[in-house]
Amino acid sequence: MSEARQTAETRPEAHPISPYVRMDRMPHIWCPTCGIGTVVKCFAAALERTGTDLDKVAVCSGIGCTGRVAGYMKLDGFHSTHGRAVPFATGLKLGRPELLVTVFSGDGDLVGIGGNHFIHAARRNMDLLIVLVNNFIYGMTGGQNAPTTPVNARSSTMPFGNFERPFSLPYLAASSGATYVARWTCLHVRRLTKSFQEAIQRKGFRFVEVIAPCSTLYARLNKLGSGYDLLQYYYENSEIRHGADTRNMDIDFQGPIVCGKFVDEERPTFLDMMHDHYGRVLGDKYVPMSEEGGWIRAPD
Ligand SMILES: Cc1ncc(C[n+]2csc(CCOP(=O)(O)OP(=O)(O)O)c2C)c(N)n1
Ligand code: SF4
């Protein structure tokens, strides 16, 4: 193969992440020391370790810096409108039940404008793996207050400090019905990767929150240094408490961050319940979708 024809993927020195990322889209738009890339790297490592068939994975995102993940990963996926990653992913899962359908998005996208979709998908135990990158702020649009901004932290719309009570996301997810709930920071790369491995292998509404630096807006507006300084903050302030009660994990400004796996249980998913219900109510008249794909099997 001539050198000119060698792609980023086939070059001997190709980056190990190249099977998972569209190298032709590099360089990415993320700022230096932003945490989103770390989350992508951990997710790619989890896909590799679980031997997941990449043709059977889809990634859906909403709008925001994190929303760019759907466009950068070398997986089928969809970069949906703001807050609509979960409904898009829900439709995809119902139409193609054999896929591992994942959602990657920011805190503003998933629990601000998309909050209603988030809680109802959890309530239904929709079979989705949700990765929420929580940088405590709206990154892409200039650092506005997010539903996760800690009290007293500054944002561009709360220049004298936030006075709204933020969501505690593990509590929101668990109380809405999620069957797998974990929280890590960008510093916990091995634990985060392991959590992704577990979540990939589970069914139901799986929620992984990753606390990540927004070096450009959150760090700058709050005079916290660079993304590296935020990693230092995570190092000094995170505490791993598996199985901890999700009611007690609010995050105060520069305060302790409880990490770990808090919920890991099995419950019938939306599709399990739907098949079971219609099977009982309609008997032979019920024509379920094929397990191999999204087509409707003709009645015998
Ligand atoms: C309907 C609609 N409202 C507002 C916007 C502007 N907008 C784009 S991204 C975004 C916030 C993104 O914040 P977050 O989800 O936390 O992601 P981050 O950029 O921090 O990763 C907003 C408000 C939009 N695109 N569409
Ligand atoms: S603005 Fe913040 S979240 Fe967006 S890429 Fe830059 S550091 Fe990351």
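**Entry 1: a helix pair**

I began with two helices of this predicted model: helix 3 (residues 85-95) and helix 5 (residues 115-123) pack at an angle of about 40°, and their axes lie 8 Å apart. I then looked up which residues make the contact. Helix 3 contributes Val-86, Pro-87 and Thr-90, and helix 5 contributes His-117, Phe-118 and Ala-121. I sorted this contact by class and noted four nonpolar residues, two polar residues and no charged ones.

**Entry 2: the sheet**

I next traced the strand order. The model has an open sheet of eight strands, in the order 2-1-3-4-6-5-8-7, and the pairing is mixed. Which strands stand at the edges? I found strand 2 (76-79) and strand 7 (238-240) there; each has a single partner strand, so one side of each is left without a neighbour in the sheet. I also looked up the turn between neighbouring strands of this sheet, which is 20° on average with direction ignored.

**Entry 3: strand 4, strand 6 and helix 1**

I followed the pairing of strand 4 (residues 129-134) with strand 6 (residues 206-211). The two strands pair in the parallel sense over six bridges. For Asn-134, I recorded Ile-211 as the bridge partner in strand 6. I then asked what helix 1 (residues 36-49) touches as it packs on the sheet. I found that helix 1 touches strand 1 (57-61), strand 4 and strand 6. The direction of helix 1 makes about 155° with that of strand 4.

**Entry 4: strand 5 and its partners**

I turned to strand 5 (residues 180-185) and asked how many of its residues are buried. The count is six of six, and I noted the strand as mostly covered. I checked the side-chain directions as well: Tyr-180, Ala-182 and Trp-184 point one way, while Val-181, Arg-183 and Thr-185 point the other way. Residues of both groups are buried, Arg-183 among them.

I looked up the pairing of strand 5 with strand 6 and found it parallel, over six bridges. With strand 8 (residues 257-264), strand 5 runs antiparallel, and four bridges join these two strands. I used Ala-182 as a reference point for both pairings. Its bridge partner in strand 6 is Val-208, and its bridge partner in strand 8 is Lys-261. I also recorded the connection to strand 6: strand 5, helix 7 (residues 189-201) and strand 6 make a right-handed β-α-β unit.

**Entry 5: backbone details**

I looked for a cis peptide bond and found one joining Met-26 and Pro-27, with omega at about 0°. Pro-27 belongs to the segment before helix 1.

I then examined two residues with positive phi that are not glycines. Asn-125 has a phi of about 50° and sits in the loop between helix 5 and strand 4. Is Asn-125 buried or exposed? I noted 23 other C-beta atoms within 10 Å of Asn-125; the cut-off for a buried residue is 20 or more, so Asn-125 is buried.

Gln-254 has a positive phi of about 55°, and its place is in the loop between strand 7 and strand 8. I noted 15 other C-beta atoms within 10 Å of Gln-254. An exposed residue has 12 or fewer and a buried one 20 or more; Gln-254 is therefore partly exposed.

Technical notes: Residues numbered from 1 in each chain as written. Chains lettered and ligands numbered in written order. Predicted model: local features only at pLDDT ≥ 70, side-chain atom pairs only at ≥ 80, totals over all residues. Pairing = 2+ DSSP bridges. Axes fitted to C-alpha atoms, helices over the stretch in contact; angles between N-to-C directions. Contact = placed C-beta atoms within 7 Å. Right-handed = clockwise from strand over helix to strand, strands pointing away. Nonpolar A, V, L, I, M, F, W, Y, C, P; charged D, E, K, R; others polar.
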